[in-house]
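Trainee: I have this model open and would like a close look at a single part of it. Could you walk me through one spot and then show how the rest fits around that spot?

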Amino acid sequence: MMNEQIKRFSENPILSPMDLVPSRPGLEIACLLNPGVFRFQGKVWMIIRVAERPKQEPGIISFPVLKDGGMEIISIEENDPELIADDPRVIRYKGMDYLTTLSHLRLVCSEDGVHFYQPEGFPLLLGEGKNETFGIEDCRVAQIDDTYYLTYTAVSVHGVGVGLRTTKNWKTFEKHGMIISPHNKDCAIFEEKINGKFYALHRPSSVDLGGNYIWLAESPDGIHWGNHQCIIKTRKHQWDSKRVGAGAAPIRTAQGWLEIYHGANEKHQYCLGAFLMDLADPSKVLAQTEYPIMVPTTDYEINGFFGEVVFTNGHLVNGDELTLYYGAADEFVCGAKFSIQEILGALKWL
Ligand code: MAN
């Protein structure tokens, strides 16, 4: 519906797996995806998810996992009857679930918001401890005063939950462990307190009762979360019928908090939409787009590691201009510009 009003960067993809160097010898970068975005020291920064695996040998599937501070490579014969590998992202073997790639988070910066490079002297953020042995993914960055809150997906054999680290300088990080337990991801903290409280969106999953819905939570300190409320659900037979999840921090507008979110349908096509929350009480959803504001349509969004995906968890706001950074086909990092007024105009009031 709004697809024709989006200005995708002509430089897209702005980063591809071959543009960066693997974190260690023997690994290759399979995908670059889903960047968190922030401003720091006068530059635009992305914290990208870098998904790696060993170079694949014919007939064998191998993938890394973290163990006791090191890395272990698990290799399985492709024709092993106990292997289920019909999704390029996950592996089921002997009743256990694994990921085909191991993700870490990496910082890149830019003077113009289009051409990014990896600066010297900033650490890679790696999975640490028992809850992050399958990696860390899809980091949202919320800046409140001089502190950056990094909420990311922490994956391990125990499940998928939300991890938090905070920093002021992007060189040293305070680790707060898992702040929301499995199964949960897509956690975006609001960049302003409301009535003295922190707020965040997050996305638990439920197989039977309930579903993959967006929830709102409150916190006195940004670390301990309570008063959870379900605010956005999947919609039957629509583009967001199977799962929904928040993008980056909500955008303050005169009409309310505007949130860009992703929705997937039964065929695992990921599109973007938007909803609006009341400024004083974000548990009140005022409006939502009926149709997607962005649909995977270009070659780099349709063909890749996992095709037909546009997924965002990072953006910049400059007046009416929203620059959305997004993962395309789970393989490339891209950018696109939107008008906030146009997104607001596409909302249907509830
Ligand atoms: C899904 C996909 C994967 C991701 C896992 C764990 O299967 O989004 O890309 O690695 O969840 O978060």
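Mentor: Ser103 is buried, because its relative accessible area is 2%, under the 20% cut-off used for that label. Keep in mind that this is a predicted model. Ser103 sits in strand β9, which covers residues 102-110. The side chain of Ser103 makes a polar contact with the side chain of Arg49, at 2.9 Å. Leaving out residues up to four places away in sequence, Ser103 touches Arg49, Val50 and Ala51, and also Phe134, Gly135, Ile136 and Glu137.

Now step back to Thr101, which lies in the loop between β8 and β9. Thr101 counts as buried too, because its relative accessibility is 6%. With residues up to four places away again left out, the contacts of Thr101 are Ala30, Ala51, Glu52, Arg53, Phe134 and Phe305. Ala51 and Phe134 are among the residues that Thr101 touches, and both are also among those touched by Ser103.

Following the chain back from that loop brings us to β8. Strand β8 belongs to an open sheet of three strands, ordered β6-β7-β8, with antiparallel pairing. At the edges of this sheet are β6 (83-87) and β8 (96-99), each of which pairs on one side only. From one strand to the next, the twist averages 25°.

It helps to take the pairings of this sheet in turn. Strands β6 and β7 run antiparallel and are joined by three bridges. A hairpin leads from β6 to β7 through two residues. If you want a pair to click on, Leu83 stands opposite Tyr93 in β7. On the other side, β7, made of residues 90-93, is joined to β8 by four bridges, and these two strands also run antiparallel. Here Arg92 is opposite Asp97 in β8. As you look along these strands, a general point is handy: in a regular strand the side chains alternate between the two faces of the sheet.

For another sheet to set beside that one, go further along the chain. Four strands form an open sheet in the order β14-β15-β16-β17, again with antiparallel pairing. The edge positions belong to β14 (184-189) and β17 (226-232); each has a single partner strand, so one side of each has no neighbour in the sheet. Ignoring direction, neighbouring strands of this sheet are turned by 25° against each other on average. Within this sheet, β16 (residues 214-219) and β17 run antiparallel and share four bridges. One pair to display is Trp215 with its bridge partner Cys230 in β17.

Finally, the whole chain. The protein chain contains two helices and 26 strands. Its C-alpha trace spans about 55 × 45 × 45 Å along the principal axes. The radius of gyration is 19 Å, which agrees with a compact globule, because one of 350 residues would have a value near 20 Å. Of the 350 residues, 58% count as buried, and Ser103 is one of the buried residues. For contacts between residues at least 6 apart in sequence, 52% join residues at least 24 apart. The exposed area of the protein chain is about 15,100 Å², with 50% of it supplied by carbon and sulfur atoms.

Key
Residues are numbered from 1 along each chain as its sequence is written. This is a predicted model: local features need pLDDT of at least 70, side-chain atom pairs count only at pLDDT 80 or more; totals for chains, interfaces and linings use all residues. Side-chain values use heavy atoms; hydrogens and water are left out. Two strands pair if DSSP finds at least two bridges between them. Axes are lines fitted to C-alpha atoms, for helices over the stretch in contact, and angles run from 0 to 180 degrees between N-to-C directions. The radius of gyration is taken over C-alpha atoms; the globule rule is 2.2 Å times the number of residues to the power 0.38. Buried means under 20% relative accessible area, exposed over 50%, partly exposed in between (1.4 Å probe, protein chains only). Contact means heavy atoms within 4.5 Å. Accessible areas come from the Shrake-Rupley method with a 1.4 Å probe; for residues, only the protein chains shown count as cover. A polar contact is a pair of N or O atoms within 3.5 Å; within protein, one must be able to donate a hydrogen and the other to accept it, and residues adjacent in sequence count only if both atoms are side-chain atoms.
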